[in-house]
Amino acid sequence: MSLRVTPLTGSIGAAVDGVQLDDQLGESVLTELREAFKAHCVLVFRGQFLKPAEQVQFGRLWGEPEVTAMLTPMEGHPELIQLTNVKKSTTATEAWHFDGPFNKVPPKISILSAITIPAGGDTMWSNQYLAYERLSPGLRKTLDTLNVRFRGRRLGRMFNVAEEEWPTAVHPMVRTHPETGRKALFVGHRDNVCIDGWTQEESEALMSFVYEQSGTPDNVYRHMWQEGDVVMWDNRCTMHYAIHDYGDQERVLNRITLHGEVPA
Ligand SMILES: O=C(O)CCC(=O)C(=O)O
Ligand SMILES: [Fe+2]
C-alpha cells in the first residue's frame, strides 16, 4: 500500500489516497499522516464509509475524544456527535469559526465522516498560519500582545442556552502551534469576541479587519462532500465555515472531536 498526498490548493488542504482508515494503520503510515497533517492542516480521505466505531478508533489515534459544550453525544457512541440539518436562520456554523474557543481548553482536531450529503452543503477551511503571516510585521507585533475574550454566544443562541451560561475564556490572539511552532491567528465572529481590555466598538474595528483577512478565497479550501468522505482538520491553525445552501434537504455527518491544549 502506498500513500499519496496531493495538495488541494496552494494554501491549505491535501487529499490522501491509498489508505483505508478502518484498517490497522502501521507506524510508518501514521508517521506519514502526521507529517501531511502538519503541513496541510486539513486532510481529505475519499470513499471511506466509516462505521461509528471505526471513526472512534481512527480518532483515538490522534487524541482523546471529547464532546463540545452544548452538543449532544450520539446514542451508543458517546465520543461522536451527529450533525444534522439545522435551519439556516439558526445555524451557528455558517460563519468562519474555530470550534470551542470559548473553552479554557479548545479542542485540537475534529474529524467528520459524511453520511448523507445534499446538493450543496460544502464546508470551507482557512489557513490561520497564512492569515497571520500575510499581515505586516508592524501589525503582527501589535497582535502578538493582545488577548481575546471569546464567548459561546452564537452556539448558545442556536441551542437556546441562557446568556449566563454561555461559556467564556480569554486566549492570546496569536497562538503558537505546539507541534509546528508556527504562529496562527486566533480570532472569531464579532458576536463572539472582544479584545480583552478594549471596548466592543474598539475591538470590532481591528477584529473585523483581521477576521476578514482570514477567509479570503486565496486562503481557503472548499470541500464538496461526497458520501463516505472523511475530513480531518487542525483546530489550532484553521477556521472553518459550513455553507447552508441546501434548504430542507437532509445532511448528516458524524463528528469526533479531540481534546486540545491551553492556547499559548
Ligand atoms: O457542518 C459542517 O460542515 C461543519 C460544522 C461545524 O462547524 C463543525 O462540525 O464544527
Ligand atoms: Fe465548527
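Student: Where does cysteine 41 sit, and what phi does it take?

Tutor: Cysteine 41 comes just after helix α1, and its phi is positive, about 70 degrees. Keep in mind that this model is predicted.

Student: Let's stay with α1. How many residues does the helix have, and what span should I expect?

Tutor: Compare the end-to-end reach with 1.5 Å a residue. Helix α1 covers residues 27-40, which is 14 residues. From first C-alpha to last, α1 reaches 20 Å, close to the expected 20 Å.

Student: Which residues of α1 are buried?

Tutor: Buried means under 20% relative accessible area. In α1 that picks out Val29, Leu30, Leu33, Ala36, Phe37 and His40. They lie on the same side of α1, because they cover an arc of only 125 degrees around the axis.

Student: Which residues are exposed on the other side of α1?

Tutor: Glu27, Ser28 and Ala39 are exposed there.

Student: What do the buried residues of α1 pack against?

Tutor: Their partners are strands β1 (4-7), β2 (14-17), β3 (42-45), β7 (109-116) and β15 (230-234), along with helix α2 (52-60).

Student: Take β15, then. How many of its residues are buried?

Tutor: In β15, 5 of the 5 residues are buried, so the strand is largely enclosed by the rest of the structure. Check both faces. Val230, Met232 and Asp234 are buried on one side. Val231 and Trp233 are buried on the other.

Student: In what sense do β3 and β15 pair, and over how many bridges?

Tutor: They pair in the antiparallel sense, over 4 bridges. Valine 42 has tryptophan 233 of β15 as its bridge partner. Strand β7 also pairs with β15 in the antiparallel sense, over 5 bridges. There, isoleucine 109 is matched with aspartate 234 of β15.

Student: Now the open sheets. What is the strand order in the one with β9?

Tutor: Read the strands across the sheet: β10-β9-β13, with antiparallel pairing. The edges are β10 (168-172) and β13 (193-195). Each has a single partner strand, so one side of each is left without a neighbour in the sheet. Neighbouring strands are turned by 25 degrees against each other on average, direction ignored.

Student: How many bridges join β9 and β10?

Tutor: Strand β9 (residues 147-151) pairs with β10 over 5 bridges, in the antiparallel sense. Arginine 149 stands opposite valine 170 in β10. Helix α6 (residues 200-214) packs on this sheet and touches β9 and β13. The direction of α6 makes about 100 degrees with that of β13.

Student: What is the strand order in the open sheet with β8?

Tutor: That sheet has 3 strands, in the order β14-β8-β16, and the pairing is antiparallel. Its edge strands are β14 (220-223) and β16 (238-242), each pairing on one side only. The average turn between neighbours here is 20 degrees, direction ignored. Strand β8 (residues 123-127) is joined to β16 by 5 bridges. One pair is asparagine 127 with threonine 238 of β16.

Student: Last, the metal. Which residues coordinate the iron ion?

Tutor: Look for the donor atoms. The iron ion (ligand 2) is coordinated at 2.1 Å by His97 (NE2), Asp99 (OD) and His240 (NE2). Along the chain, the donors follow the spacing H-x1-D-x140-H.

Student: Are histidine 97 and aspartate 99 buried or exposed?

Tutor: Both histidine 97 and aspartate 99 are buried.

Technical notes
Residues numbered from 1 in each chain as written. Chains lettered and ligands numbered in written order. Predicted model: local features only at pLDDT ≥ 70, side-chain atom pairs only at ≥ 80, totals over all residues. Heavy atoms only, no water. Pairing = 2+ DSSP bridges. Helix = DSSP H or I, 4+ residues; strand = E, 2+ residues; numbered from the N terminus. Axes fitted to C-alpha atoms, helices over the stretch in contact; angles between N-to-C directions. Donors = N, O, S within 2.8 Å, 3.2 Å for Na, K, Ca; no water. Buried < 20%, exposed > 50% of the residue type's maximum accessible area, 1.4 Å probe, protein only. Expected span 1.5 Å × (residues − 1). Arc of directions from axis to C-beta. Contact = heavy atoms within 4.5 Å.
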